[in-house]
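Student: I am new to this structure and would like a close look at a single part of it. Please take your time and connect that part to what surrounds it.

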Amino acid sequence: MRINEDPRQYNNWIDAVVRIFRFLNSAFFSIDLLADKISTESSSGSIPAPFLQKTATQINYPDGTVLQGWKLTGGMLLTGANIYSEVQGTIRIDSPDKGVTPAGFYIAYDLRGSVKAVETAAPNEFDVINSFGSGADMQDTTTGALVKSDYMGVSLDDDDNGEYIISLKAAGGNANPCEAEVFYQFEFLCYSEVTPQLS
Amino acid sequence: MPIEAKFAADATVKDKRVQEMAYTDVRINVKTITETVAIQPKTAYSTAGEVVKVSEELKFKEPSINELESIKEDAKTIKEDGASSVDDKGAAEIIEIVAEKQKEIADKGEKKISIRYARSREMFSSIKLLIAPQPGSDQYSKILKYSQKKIEFQTYLSSRGFAGGSLVNSQNLLKGKSASAYSMAGPVQPEVKYADL
């Protein structure tokens with residue numbers, strides 16, 4: 001094609017090149033810079049349901065064993081009670097060698113997240129964001145004041161077949177109902193032969 | 001921002017009367033379980049392009065837009081029926097509001113219309129209606145197991161001697177945002193195992 005024959009074709013060609021460069025730029029650099037770039041099937045009307053990602057974390061042993069990282073992310077608004085035990089789904093971790101090693105092996109590698117609560121009893125209203133964990137502030141919804149949570153964590157309940165029911169647990173710091181927006185990220189390692197399943 | 005009474009439809013926890021009505025009431029044609037969005041994981045796509053698929057076999061069925069409309073209408077009928085008890089009217093109003101919000105989100109999601117909120121709190125769903133699974137199905141076993149665990153863990157946490165002491169649901173859950181005519185009569189009744197409904 002001689003591009004000076006038809007200016008419209010010249011423009012289309014340049015546009016295509018620009019699009020390719022933008023795509024490559026996005027593809028390469030977003031991998032390095034954005035660990036949690038997620039597309040979900042959910043509507044933008046709500047936060048995504050919990051999802052499971054493979055992470056870049058790996059522990060390699062000289063005998064060839066590899067522990068591979070996986071991360072479960074979820075978020076909830078906790079409101080209306082002072083004790084919460086909210087199921088986040090089930091994770092199945094199969095045997096890495098067809099049953100020779102029992103199913104269910106995992107190492108808890110990292111747990112983090114954020115807890116957002118609103119103070120409305122003070123003269124000025126403000127938000128407070130703490131790390132996910134026991135002691136993070138929640139709002140006492142009776143008084144509007146912030147109170148330290150007595151407990152905040154994630155539990156995995158094993159049924160001995162490699163399946164764990166995951167729950168988000170929290171207890172407010174007093175007898176009144178407590179509220180907070182919570183996001184947690186739980187990263188765990190399991191044998192690289194296994195792909196955990198979320199259901 | 002003044003403290004407003006929490007309306008039950010906004011709460012993560014649900015009242016037993018809401019749970020029971022959605023799951024068993026003959027006046028509502030489409031039976032649902034009332035859970036949080038967290039029990040229905042969805043497939044997410046990570047940056048690296050690796051698809052981490054959610055197991056499909058145990059997914060709960062979500063009501064269609066028509067089914068949500070049906071639930072909403074049935075709940076509205078109960079709410080406005082003079083013969084309904086106070087508790088039924090209160091529970092029906094909560095179901096009506098939840099169904100309406102869920103329908104709006106589903107409708108806009110289907111049409112790929114973006115939804116924007118002023119505050120992050122609004123983005124978190126409270127209870128979500130999912131089609132009640134058939135007895136004997138895998139989904140049925142799953143929800144029985146989940147609700148059993150939930151009650152067990154709440155009991156466990158309640159007995160650990162925190163300052164909170166024991167499971168407390170908000171009294172204010174009973175009240176509408178301003179002066180709802182359909183508030184439930186008594187204190188909040190914590191949800192129960194589906195096996196007990």
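Student: In which sense, parallel or antiparallel, do strand E1 (residues 32-36) of chain B and E4(B) pair, and over how many bridges?

Tutor: The model is a predicted one, in which local features need pLDDT of at least 70 and side-chain atom pairs count only at pLDDT 80 or more, while totals for chains, interfaces and linings use all residues. Residues are numbered from 1 along each chain as its sequence is written, and chains are lettered from A, with ligands numbered from 1, in the order in which they are written.

Strand E1 of chain B and E4(B) are antiparallel, and 5 bridges join them; strands count as paired if DSSP finds at least two bridges between them. Within this pairing, Glu35(B) stands opposite Lys128(B) in E4(B). Of the 5 residues in E4(B), 4 are buried, and the strand is thus described as mostly covered. Here a residue is buried if 20 or more other C-beta atoms lie within 10 Å of its own, exposed if 12 or fewer do, and partly exposed in between, with C-beta atoms placed from the backbone.

Leu130(B) is a good residue to follow here, since it belongs to strand E4 (residues 127-131) of chain B. Leu130(B) counts as buried because 22 other C-beta atoms lie within 10 Å. From C-alpha to C-alpha, Leu130(B) and Thr34(B) are 6.6 Å apart in space, although 96 residues separate them in sequence. If neighbours within four places in sequence are left aside, Leu130(B) is in contact with residues including Thr32(B), Ile33(B), Phe60(B) and Lys61(B), where contact asks for C-beta atoms, placed from the backbone, within 7 Å of each other.

It helps to set this strand within its chain. Chain B has 4 helices and 4 strands, and along the sequence they follow the pattern α-β-β-β-α-α-β-α; helices (H or I, at least four residues) and strands (E, at least two) are DSSP runs numbered from the N terminus. Of the 197 residues in chain B, 41% are buried. Among the contacts in chain B with a separation of 6 or more, 71% are between residues 24 or more positions apart.

The loop between H3 and E4 of chain B holds Lys112(B). Lys112(B) has a phi near 60°, a positive value in a residue other than glycine. Most residues other than glycine have a negative phi. Lys112(B) counts as exposed because it has 8 C-beta neighbours inside 10 Å. Glu110(B), found in helix H3 of chain B, is likewise exposed, with 11 other C-beta atoms within 10 Å. Glu110(B) lies 9.7 Å from Ile65(B), C-alpha to C-alpha, with their positions 45 residues apart in sequence.

Ile65(B) leads us to a pair of helices. Helix H2 (residues 65-80) and helix H3 (residues 86-110) of chain B pack at an angle of about 155°, with their axes 8 Å apart; axes are lines fitted to C-alpha atoms, for helices over the stretch in contact, and angles between N-to-C directions run from 0 to 180 degrees. That angle makes H2(B) roughly antiparallel to H3(B), a label for angles over 145 degrees, whereas those under 35 count as roughly parallel, 65 to 115 as roughly perpendicular and the rest as oblique. The residues of this contact between H2(B) and H3(B) divide into 9 nonpolar, 1 polar and 11 charged; Ala, Val, Leu, Ile, Met, Phe, Trp, Tyr, Cys and Pro count as nonpolar, Asp, Glu, Lys and Arg as charged, and the others, Gly among them, as polar.

Chain B also reaches a sheet of the other chain. Chain A comes to 1 helix and 12 strands, and 38% of its 199 residues are buried. An open sheet of 4 strands in chain A has the order E9-E10-E4-E12, with antiparallel pairing. Its edge strands, E9 (151-158) and E12 (197-198) of chain A, each pair on one side only. Helix H4 (residues 138-158) of chain B packs on this sheet, where it touches strand E4 (83-92), E9 and E10 of chain A, and its direction makes about 135° with that of E4(A). E4(A) should be kept apart from the strand you asked about, E4(B), which pairs with strand E1 of chain B.

Note on methods. Two residues are in contact if their C-beta atoms, placed from the backbone, lie within 7 Å.
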